[in-house]
Amino acid sequence: MNIEFCQRSIDRQIAEYLCRSINDETGVMRTVVSLLSQAVGQGNVCLDLEEVAGEVVRIPGREEPLRLPDIERLVSALRSLHTVGRPGEHRPLILDEAGRLYLYRYFRYQETLAEAILARAATETGSPDEAALSESLDRYFGPDESGEDRQRQAALTALRRGFSVISGGPGTGKTTTVVRILGLMLEQPGGERMRIAMAAPTGKAAARLASSIASLRETLPCSEEVKRHLPGQVTTIHRLLGTIPNSTGFRHNARNPLPYDTIIVDEASMVDLPLMTALVTALMPHARLILIGDRDQLASVEAGAVLGDICRAAESSGSAAFSIKGCVTVLDRNYRFGDGSGIASLSRAINSGDAGEALRLLGDPANTTIALEATPTREAVRKRLAARVLEGFRPYLEAETPEEALRLFDHFRILTALREGPWGAAGMNHTVETLLHEAGLLTASTPFYRGRPVLVTENDYTHKLFNGDTGIILPDPETGKQKAYFIASDGTVRSIPPEFLPAHVTAFAMTVHKSQGSEFDRVLMVLPPEDTILLTRELIYTGITRARQAVTVWSDETVFSASVKRRTERRSGLREMLVDKQKSDQDS
């Protein structure tokens with residue numbers, strides 16, 4: 001197999017820097033380090049040497065391709081370099097016994113996170129009154145004589161362990177479980193003094209969690225005093241840790257830990273390895289960490305697949321008293337869709353990689369909430385989009401207030417697998433703008449036209465806007481001047497002059513990656529007409545499950561089938577490190 005290596009400038013620079021003092025006449029070492037740099041840029045934590053050893057690497061601009069040595073000679077050559085160390089050594093590159101090559105910084109992230117998780121997994125958080133706790137659990141969840149109530153199990157684990165994970169798809173009751181856990185914590189002796197923080201990766205996800213907590217507060221079977229003490233504010237992880245301008249560090253760290261007893265993180269599948277490591281490093285020794293998310297969703301944009309690795313480690317872990325296995329609860333009963341829901345059935349088929357069953361469900365006329373339509377040609381896109389666009393976006397464009405517009409905008413969204421091209425987010429946004437302009441619903445004559453939806457693509461700590469936040473350009477009801485309106489993490493609506501917006505794009509359509517943490521009543525998911533390695537099971541699943549009521553997929557059956565069968569594989573050693581370190585601790 002040949003490797004067509006599109007080497008980036010940063011890959012070349014890192015390789016030149018780390019290999020500057022070694023004899024590398026053939027260029028093999030520089031090529032390997034460049035491949036490692038590219039792997040990290042693609043979301044991997046390391047480079048698996050087994051996958052590149054013996055392969056022919058073709059680099060644009062280089063006349064002759066380069067064949068890498070076989071695995072034994074490649075490992076031996078790397079081991080001989082003073083820049084390459086083993087785990088435990090402080091060298092620029094780390095090569096572990098499984099043939100995984102890391103940049104030192106990422107190996108330390110992984111090692112630090114694994115050690116922190118295992119330490120908290122083995123920690124009991126206080127000694128709850130068992131009789132009172134049993135009564136409280138019955139009150140919140142009902143009796144569980146069979147021992148199969150997963151929500152109740154998740155709550156009990158969260159109360160007793162220093163680390164826990166609650167994973168499940170949309171509608172499985174993750175947020176309901178979290179709110180009940182909060183009530184249970186506050187009911188425990190001294191609970192009124194407990195300091196609790198809740199966070200999410202993006203402002204949008206934080207606002208959704210805050211809104212859900214507010215709506216569920218009155219449903220709790222507890223006293224009014226406990227309800228009053230329920231935390232209502234949800235922040236972003238970056239804001240929680242305290243960003244430092246022009247620095248990758250945070251104000252809160254091991255030397256200045258976060259002042260909380262319990263920290264709950266929603267949408268944890270979106271959290272990358274460096275950020276999760278920064279979070280666990282900033283916890284006080286006694287603090288409890290609860291991660292909430294969907295292990296089957298797309299992994300973080302940046303390096304790592306932390307939530308998935310933790311859940312997989314739990315599946316392969318032993319059954320010792322305080323193993324990582326006992327910290328993970330998977331919720332599998334769907335309360336939103338019901339057993340006969342087309343969306344629920346389709347998501348299960350996709351998750352299991354059963355492309356045939358997924359296509360059968362999509363083709364069944366009885367499933368009125370899901371549909372598969374062939375991706376139109378470039379010439380036919382506008383005609384096929386017109387009716388959906390007008391029906392989906394007219395309500396928010398005719399709204400009378402910013403609050404109403406923001407609410408109605410989430411009724412419909414176009415999700416794409418790609419950013420660029422006619423079937424990507426950029427192409428779809430241009431087409432939608434044209435259709436709405438022709439219908440007289442907007443006038444796209446200036447960058448900040450009335451009704452333009454915007455998606456923030458970088459963090460702006462000055463204006464408290466973060467990557468993934470979605471807003472709408474609308475006139476101020478009092479002054480008539482254009483402003484960008486956003487839903488804040490506390491559920492209120494805030495605005496800033498559009499000239500102060502950080503980097504952003506139009507958001508009638510967005511990539512599936514950017515849609516994580518959001519939900520919409522109806523979704524149109526657009527796949528390109530030709531297969532690409534970017535189309536994976538996790539991407540299809542994530543896109544499908546953004547829909548609350550109905551979803552239509554534009555795709556050729558062959559492309560859809562190949563996508564469902566293709567899994568996202570992030571190269572990482574976190575799962576193995578969690579399992580191996582725990583086994584080592586138990587044996588010692």
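Strand S1 and strand S3 (residues 56-58) pair in the parallel sense, over three bridges. One pairing can be picked out by residue: Ile3 has Val57 in S3 as its bridge partner. The model is a predicted one. Strands of a sheet pair through backbone hydrogen bonds, either parallel or antiparallel.

Now widen the view to the whole sheet. S1 and S3 belong to an open sheet of three strands, ordered S1-S3-S4. The pairing in this sheet is mixed. Which strands sit at the edges? They are S1 (2-4) and S4 (66-67), and each of them pairs on one side only.

Next come the helices. Start with helix H5 (residues 104-121) and helix H12 (residues 273-281). Their axes come within 9 Å and cross at roughly 45°. Angles under 35 degrees would count as roughly parallel, and 65 to 115 as roughly perpendicular. The crossing angle therefore makes H5 oblique to H12. The handedness of this crossing is left-handed.

Which residues bring H5 and H12 together? From H5 come Tyr106, Tyr109, Gln110, Thr112, Leu113, Ala116 and Arg120. They meet Leu273, Pro274, Met276, Thr277, Val280 and Thr281 of H12. Sorted by class, the contact of H5 with H12 holds eight nonpolar, four polar and one charged residues. Arg120 is the charged one.

A second helix pair follows. Helix H6 (residues 130-141) packs with helix H8 (residues 174-187) at an angle of about 150°. The axes of H6 and H8 are 11 Å apart. Angles over 145 degrees count as roughly antiparallel. H6 is therefore roughly antiparallel to H8. The crossing of H6 and H8 is right-handed.

On the H6 side, the contact is made by Ser136, Leu137, Arg139, Tyr140 and Phe141. On the H8 side, Arg180, Gly183, Leu184 and Glu187 take part. By class, this contact of H6 with H8 has four nonpolar, two polar and three charged residues. The charged residues are Arg139 in H6, with Arg180 and Glu187 in H8.

Last, move further along the chain. An unreviewed UniProt entry lists residues 507-553 as "domain: UvrD-like helicase C-terminal". How much of residues 507-553 is helix, and how much is strand? The span is 26% helix and 36% strand. Its end C-alpha atoms, those of residues 507-553, lie 19 Å apart.

How values were computed:
Residues are numbered from 1 along each chain as its sequence is written. This is a predicted model: local features need pLDDT of at least 70, side-chain atom pairs count only at pLDDT 80 or more; totals for chains, interfaces and linings use all residues. Side-chain values use heavy atoms; hydrogens and water are left out. Axes are lines fitted to C-alpha atoms, for helices over the stretch in contact, and angles run from 0 to 180 degrees between N-to-C directions. Helices (H or I, at least four residues) and strands (E, at least two) are DSSP runs, numbered from the N terminus. A crossing is left-handed if the near helix is turned anticlockwise from the far one by less than a right angle, and right-handed if clockwise. Contact means heavy atoms within 4.5 Å. UniProt positions are given in the numbering used here, feature names are shortened, and annotations may be inferred rather than shown by experiment. Two strands pair if DSSP finds at least two bridges between them.
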